[in-house]
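Please open the model in your viewer and keep the sequence panel beside it. The tour below goes from one selection to the next, and at each stop it says what there is to see.

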Amino acid sequence: MLHFFTDTRKPLWKAARLLLAVACLAALLSCVRSGPIFGHRPDVSSVDGKAEALEPAEAAGDAGAGDEACAEAFDPAETPGLTRSRSVGRLSLRPVREPLAIPACDMFFPLSNVEGAQNMARLDIRSQGLDSWRALEDPVQRSLEYALNMPADEPALARPGMSLTWGQVVRSLEEFLDLLPLLDADPDLLAERFVWYGMRQKPLMTGYYTPEIEASLTRRPGYEFPIYGVPEDLRYGPVRGRSQFYRVERGRVLPYYRRGDMDVRKVLAGRGLEIAWAKDPVDVFYMQVEGCGRLRLPDGTTRNVLYGAKNGHGFRSLGRILHARGLLPNGRLAKEDVQKYFAKHPERMFELMAENRSYVFFRLEDSPPEGTIGKPLTPMVSLATDRKLLPLGSLLAFEAEIPEARDGRPAGKRKVAGIGLAQDTGTAIRGSRVDYYIGEGNAVAPIASNIKTEATVYLLISKEALING
């Protein structure tokens with residue numbers, strides 16, 4: 001009998017161990033069914049190096065009406081332990097993914113995630129006069145509307161080793177718009193979801209603004225200097241293999257008239273092209289430099305004049321022209337210095353201005369100043385760039401030191417670090433150069449006219465755009 005129990009003890013012990021293993025496995029499966037393998041199947045996003053879960057509808061991808069309804073019904077205050085990726089998912093953002101390869105080229109280099117986060121920490125949109133990230137919604141929407149009109153598969157930026165399509169610019173702007181409601185509470189999302197491209201050569205930043213000048217819509221005593229609309233004989237198209245402005249005279253293609261032809265020879269007079277008349281021709285000159293203006297009319301009302309076209313000739317700074325003639329010292333070449341000189345020597349005004357052959361024609365509008373994208377500019381956000389360097393409409397981050405103004409004069413410096421949008425171009429804006437739009441009216445002139453500094457500029461492209469275009 002004892003022999004029998006001895007012989008059966010080992011099989012019974014093995015059976016007991018097997019039953020115990022089955023029980024443990026069942027318990028494990030029961031736990032796992034509520035985790036990432038079974039049940040809700042949440043997608044996993046890596047944020048700050050941590051795995052965080054998304055609900056199925058959030059992991060599905062692009063937005064739909066249902067996602068919007070979820071966002072309205074969702075109350076973070078009633079949901080303890082709300083994770084960042086869950087809140088992102090409610091706005092239909094895909095879980096953040098790292099591109100397998102990040103392109104670079106002779107002009108741009110990608111920052112690491114850590115470097116992007118460090119630069120993000122330095123941004124302060126309040127330095128731009130914005131009280132919330134949501135204030136960027138309208139200007140970003142304007143850039144998006146421009147980019148959506150471009151062929152999605154064609155390059156917005158093409159350099160050896162790096163090409164970005166308009167579709168990728170669009171996707172980056174769309175994702176940034178989706179992020180805006182979250183950035184006040186969690187600005188680090190911008191560093192996590194975007195690749196920050198630094199510029200190998202830091203650009204020179206200058207400033208521009210919308211000047212206000214005294215003018216009349218009709219010619220009258222004291223208002224004698226014409227502001228011209230676009231002439232009917234000004235044409236634009238390919239000439240000898242290069243697109244340019246020109247005119248046709250007796251079957252011959254000729255360059256369009258120079259400034260001296262219009263200001264001194266008055267070749268446009270009597271053709272009904274005058275849209276307004278100014279008090280001071282130097283004001284008209286500098287309004288052409290800015291590309292737009294606001295007219296203060298005799299009755300106190302205002303009208304805007306926006307860029308219409310240009311004659312296509314090269315630009316020269318009026319201050320530099322006077323300096324080259326030995327008429328103004330270096331460092332005293334601003335508009336105010338030029339006006340003081342011409343107040344003493346009015347007989348030389350048109351002769352010297354004519355050395356800048358460039359000329360801008362305007363159109364009367366009730367709308368605010370526009371950039372090259374055909375949309376209103378946003379003070380302290382819009383930038384004029386070289387479209388060969390930065391795609392028009394593209395999203396940027398930047399840091400620079402600009403002047404403060406007090407009592408109409410520069411008074412010290414301050415740092416601005418925020419978000420910019422490439423929304424304009426300019427004749428003098430070529431290569432590694434950006435022009436910062438400061439705003440409307442002569443009150444901002446001391447700031448805009450005295451910006452000349454090296455800036456740090458980043459092109460922001462979403463990681464999702466680099467992965468899927």
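Is Tyr341 buried or exposed? Select this residue and show its surface together with that of its surroundings: with a relative accessible area of 11%, Tyr341 is buried, because buried means under 20% relative accessible area. Keep in mind throughout the tour that the model is predicted.

**Around Tyr341**

With Tyr341 still selected, colour the helix that holds it, which is helix 12, covering residues 335-344. Next, display the side chains that Tyr341 touches, leaving aside residues up to four places away in sequence: these are Leu322, Leu327, Leu328, Arg348 and Leu352. If you draw a distance from the C-alpha of Tyr341 to the C-alpha of Leu327, the viewer should give 8.2 Å, although the two residues are 14 residues apart in sequence.

**The two sides of helix 12**

Now select the whole of helix 12 and turn the view until you look down its axis. Which residues of helix 12 are buried? They are Lys335, Asp337, Val338, Tyr341 and Phe342, and, seen down the axis, these buried residues fall within an arc of 165°, so they line one face of helix 12. On the other side of helix 12 you will find Lys340, Ala343 and Lys344, which are exposed.

To see what lies against the buried residues of helix 12, add strand 7 (204-210), helix 10 (281-290), helix 11 (318-324) and helix 13 (349-353), since these are the elements that the buried residues pack against.

**Helix 10 beside helix 12**

Hide everything but helix 10 and helix 12 for a moment. Two packed helices are described by the angle between their axes and the distance between the axes. For helix 10 and helix 12 the angle is about 155°, and the axes are 11 Å apart. That angle makes helix 10 roughly antiparallel to helix 12, because angles over 145 degrees count as roughly antiparallel. The contact between them is made by Val282, Asp283 and Tyr286 of helix 10, together with Lys335, Val338, Gln339 and Phe342 of helix 12. The crossing of helix 10 and helix 12 is right-handed.

**A second pair: helix 6 and helix 7**

Move on by selecting helix 6 (residues 137-148) and helix 7 (residues 166-183), which pack at an angle of about 160° with their axes 9 Å apart. Helix 6 and helix 7 are therefore roughly antiparallel to each other, and their crossing is left-handed. Show the side chains in the contact, among them Val140, Leu144 and Leu148 of helix 6 and Trp166, Val170 and Leu177 of helix 7.

**Gln423 and its neighbours**

Stay with the view of helix 6 and now add Gln423, which lies in strand 19 (residues 409-424). What is the relative accessible area of Gln423? It is 1%, and Gln423 is accordingly buried. Not counting residues up to four places away in sequence, Gln423 touches a set of residues that includes Pro139, Arg142 and Ser143, and also Gly371, Thr372, Leu383 and Leu392.

**Two residues with positive phi**

Select Met380 next, in the loop between strand 16 (360-365) and strand 17 (382-385). Its phi is near 70°, a positive value in a residue other than glycine, and at 10% relative accessibility Met380 counts as buried. Then go to Lys266, in the loop between helix 9 (259-263) and strand 13 (274-278), where phi is near 55°, again a positive value in a residue other than glycine.

**Helix 5 and its cover**

Now select helix 5 (residues 113-122), in which Gly116, Asn119 and Met120 are buried. Looking down the axis of helix 5, you will find that its buried residues fall within an arc of 105°, so they line one face of the helix. The face turned away from this buried side carries the exposed residues Val114 and Ala121. The cover over the buried residues of helix 5 includes helix 8 (188-193), strand 6 (194-199), strand 18 (395-406) and strand 22 (456-462).

**The whole protein**

Finally, zoom out and show the complete model as a cartoon, in which the secondary structure comes to 15 helices and 22 strands. Of the 469 residues of the protein, 45% count as buried. Switching to a surface view, you are looking at about 24100 Å² of exposed area, with carbon and sulfur atoms supplying 52% of it.

How values were computed. Residues are numbered from 1 along each chain as its sequence is written. This is a predicted model: local features need pLDDT of at least 70, side-chain atom pairs count only at pLDDT 80 or more; totals for chains, interfaces and linings use all residues. Side-chain values use heavy atoms; hydrogens and water are left out. Helices (H or I, at least four residues) and strands (E, at least two) are DSSP runs, numbered from the N terminus. Buried means under 20% relative accessible area, exposed over 50%, partly exposed in between (1.4 Å probe, protein chains only). Contact means heavy atoms within 4.5 Å. The arc is that of the directions from the helix axis to the C-beta atoms. Accessible areas come from the Shrake-Rupley method with a 1.4 Å probe; for residues, only the protein chains shown count as cover. Axes are lines fitted to C-alpha atoms, for helices over the stretch in contact, and angles run from 0 to 180 degrees between N-to-C directions. Angles under 35 degrees count as roughly parallel, over 145 as roughly antiparallel, 65 to 115 as roughly perpendicular and the rest as oblique. A crossing is left-handed if the near helix is turned anticlockwise from the far one by less than a right angle, and right-handed if clockwise.
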